[in-house]
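Trainee: I am new to this structure and would like a close look at a single part of it. Could you take me through one residue and then through what lies around it?

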Amino acid sequence: QRGNAVQEQLNRHCTLDETEEQKEKELFLQEKLGIPSAWIHNAKSLRAHRDGDIHKEALHLIEAGHWNKCHQLVVRHLASDAIVNENYSYLKYFLGKLAIPEYSLQIQDWDTAGAVFYDYIRIMETVRGIGE
């Protein structure tokens with residue numbers, strides 16, 4: 001009950017600001033009040049979603065441990081742009097975290113979506129390495 005109330009307040013009042021003041025507030029919440037960082041990142045992912053910031057939403061979904069949601073977001077919205085613009089390191093950041101077996105085993109359609117993109121990126125990196 002209390003946990004739900006705390007999460008509701010975080011969802012209502014969190015910001016995506018990355019100022020020193022904001023970092024200190026988050027540190028206080030975690031260290032002094034014992035609020036799990038996953039709750040803070042979950043609230044931030046919801047804020048990013050409301051703001052339409054897909055990149056930050058994906059970042060905070062990973063940090064909150066929402067592997068399936070992050071995978072869906074990356075595959076549906078971020079992967080195609082990253083591949084077209086050859087921004088492989090950007091996409092690899094997300095997929096590399098999701099590829100960890102203890103996470104990827106929990107992700108629906110990982111083998112036919114995220115893993116395919118991840119393998120493609122690793123192949124492209126190998127090809128580039130040979131060409132250099």
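**A serine and its surroundings**

Mentor: In this predicted model, the side chain of S45 reaches the backbone oxygen of N42 at a distance of 2.7 Å. S45 itself sits in helix α3, which covers residues 37-51, and because its relative accessible area is 3%, below the 20% cut-off, S45 counts as buried. If we leave aside the neighbours within four places in sequence, the residues in contact with S45 are E57, H60 and L61.

These three partners lead us into helix α4, residues 54-64, where E57, H60 and L61 are buried, as are A58, I62 and A64. The buried residues of α4 pack against α3, and also against α5 (67-84) and α6 (88-98). Just after α4 comes G65, which takes a positive phi of about 80°.

From α4 we can go on to the largest nonpolar core, which has 21 residues, and A58 is among those that touch the most other members, together with C70, V74, L91, F94, L95 and L98. Helices α4, α5, α6 and α8 (114-131) each supply at least two residues of this core, and the largest share, 8 residues, comes from α5. L98, not counting residues up to four places away in sequence, touches I62, W67, C70, H71, Y103, S104, I107 and W110. Apart from this core lies another one, of 5 residues, including L10, C14, I35 and A43.

Conventions. Residues are numbered from 1 along each chain as its sequence is written. This is a predicted model: local features need pLDDT of at least 70, side-chain atom pairs count only at pLDDT 80 or more; totals for chains, interfaces and linings use all residues. Side-chain values use heavy atoms; hydrogens and water are left out. Helices (H or I, at least four residues) and strands (E, at least two) are DSSP runs, numbered from the N terminus. Buried means under 20% relative accessible area, exposed over 50%, partly exposed in between (1.4 Å probe, protein chains only). A polar contact is a pair of N or O atoms within 3.5 Å; within protein, one must be able to donate a hydrogen and the other to accept it, and residues adjacent in sequence count only if both atoms are side-chain atoms. Contact means heavy atoms within 4.5 Å. A nonpolar core is a set of buried Ala, Val, Leu, Ile, Met, Phe, Trp, Tyr and Cys residues joined through side-chain atoms within 4.5 Å.
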